[in-house]
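Subject: Structure handover and notes

Hello,

Please find the structure below, handed over as agreed. My notes follow it.

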Amino acid sequence: MHPTRRTILAGAVLALASATLPHAMAAKPLVIGFSQVGAESEWRTANTASIKDTAKKEGVTLKFADAQQRQENQVKAIRSFIAQKVDLIAFSPVVESGWDTVLREAKAAKIPVILTDRSVNVSDPSLYATLIGSDFVEEGRKAGRWLLDYAKKNGDKPLNIVELQGTVGSAPAIDRKAGFEEVIKGNPKLRVVRTQTGDFTRAKGKEVMEAFLKSLGKSINVLYAHNDDMAIGAIQAIEEAGLKPGKDIIIVSIDGVKGAFQAMMAGKLNVTVECSPLLGPQLIDAARKVVAGQPVEKRIIVNEGVFPAEVAAKELPNRKY
Ligand code: AHR
């Protein structure tokens, strides 16, 4: 047979074979290694579910590792993903600093990295492709603006604020503190009298609030909690101290999980600023683009609202987490 005709025939046979091959054999599924912070909050549980469910739906192989809130576990997981030669590494960094070395290792192995939810402080921004998540400074500002408005409506009396911070060194703890302070510093009547970490958990939120109540008693007017779980833990401490959360102590928190809506409907929480954990679809979409060499935005920001107690009952049925 003439060589050209043989090539055409071979090509036709190959095309026919790949058209009849099952999809799984024809296209290799994308493999993503994902290192999650932990399971410290209702928010985190919803975030993990969103990422796992989307990966499953999209036919992506997800290698999932829970770091139990420890950076050294995340570094180990990232190194193991590099050794396994995954197509892409994604992770939600427990703290901001200390990532340069391991991210350089990923870059040297030519494995792209996507950050979800929290940011890192690195000298070389090319160490990651994109950061998908909320604007935590803006969330802090929204909490501060709600409080300014509350203070104005209530005759601008002096208010003593206690603050429950998130995990020390984490992006949401640093940024939510900064955003809140930026807004309230214009009002001399609003004073943060105590601030301490509650590590984003209910148990720690309760424990620290108990300590605040013991030393400051009824002089506390407002609690600003960096997440709903700590606020819910603190609500318990306030009730056990014989005070009424949401009335004797005004409570402002962040996340917008269902537990916060239930607390608002019970009159125990005054407002929650939304922080969406449903990042799965954006992560898988960006991962496909990055692996295919297509451009992605360096920062993908999620749009979010503010939910005061007055709208809680109407909004609860619409909440997805
Ligand atoms: O990084 C997002 C924060 O981490 C959420 O506000 C908090 O609930 C979680 O643990």
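Is Asn221 buried, partly exposed or exposed? The model is a predicted one, and in it Asn221 is partly exposed, because its relative accessible area is 24%, above the 20% under which a residue counts as buried. Asn221 sits in the loop that runs between helix 8 (202–216) and strand 8 (222–225). Leaving aside residues up to four places away in sequence, Asn221 touches Pro158, Leu159, Asn160, Asp248, Ile249 and Ile250. Its C-alpha atom is separated by 22 Å from that of Gly259, 38 residues apart along the chain.

Gly259 belongs to helix 10 (residues 258–265), where the buried residues are Gly259, Ala260, Phe261, Ala263 and Met264. Among the elements that cover these buried residues are helix 3 (42–57), helix 9 (228–240) and helix 12 (312–315), together with strand 10 (271–274) and strand 12 (306–308). After helix 10 comes Gly267, which has a positive phi, near 75°.

Gly267 also appears in the lining of the largest pocket. That pocket holds about 160 Å³ of space. Its other lining residues are Trp146, Asp149, Tyr150, Lys153, Asn154, Gly246, Lys247, Leu269, Asn270, Ala309 and Glu310. By type, the lining divides into 4 nonpolar, 4 polar and 4 charged residues.

Two of the lining residues, Asp149 and Lys153, form a salt bridge with each other, the closest N and O atoms being 3.1 Å apart. Both lie in helix 6, 4 residues apart, about one turn of the helix. In an α-helix there are 3.6 residues a turn, so residues three or four places apart point the same way. The two partners do not fall in one accessibility class: Lys153 counts as exposed because its relative accessibility is 66%, whereas Asp149, with a relative accessible area of 36%, is partly exposed.

Now the other salt bridges. Across the whole structure, a search finds 23 of them. Side chains of opposite charge can pair when their charged atoms come close. Arg141 and Glu182 meet in one such bridge, at 2.8 Å from N to O. This pair links distant parts of the chain, since Arg141 is in helix 6 (residues 136–153) and Glu182 is in helix 7 (residues 171–184), 41 residues apart. Arg141 is partly exposed, with 22% relative accessible area, and Glu182 is also partly exposed, at 38% relative accessibility.

Arg145 forms a salt bridge with Glu138, and here the closest N and O atoms are 3.1 Å apart. Arg145 is partly exposed, with a relative accessible area of 41%; Glu138 is partly exposed too, with a value of 22%. Elsewhere, Glu40, Arg44, Asp117 and Arg118 are joined in a network of salt bridges.

Last, the annotation. An unreviewed UniProt entry carries the annotation "domain: Periplasmic binding protein" over residues 32–294. In the model, that span is 45% helix and 20% strand, and its end C-alpha atoms lie 17 Å apart.

Regards

Methods. Residues numbered from 1 in each chain as written. Predicted model: local features only at pLDDT ≥ 70, side-chain atom pairs only at ≥ 80, totals over all residues. Heavy atoms only, no water. UniProt positions renumbered as here; feature names shortened; annotations may be inferred. Helix = DSSP H or I, 4+ residues; strand = E, 2+ residues; numbered from the N terminus. Salt bridge = Lys/Arg side-chain N within 4 Å of Asp/Glu carboxyl O. Buried < 20%, exposed > 50% of the residue type's maximum accessible area, 1.4 Å probe, protein only. 1 Å grid on protein atoms, 1.4 Å probe; cavity = no way out; pocket = protein on both sides within 12 Å on 5 of 7 lines; lining within 4 Å. Points joined across faces, edges and corners; volume = space filled by probe spheres on them. Nonpolar A, V, L, I, M, F, W, Y, C, P; charged D, E, K, R; others polar. Contact = heavy atoms within 4.5 Å.
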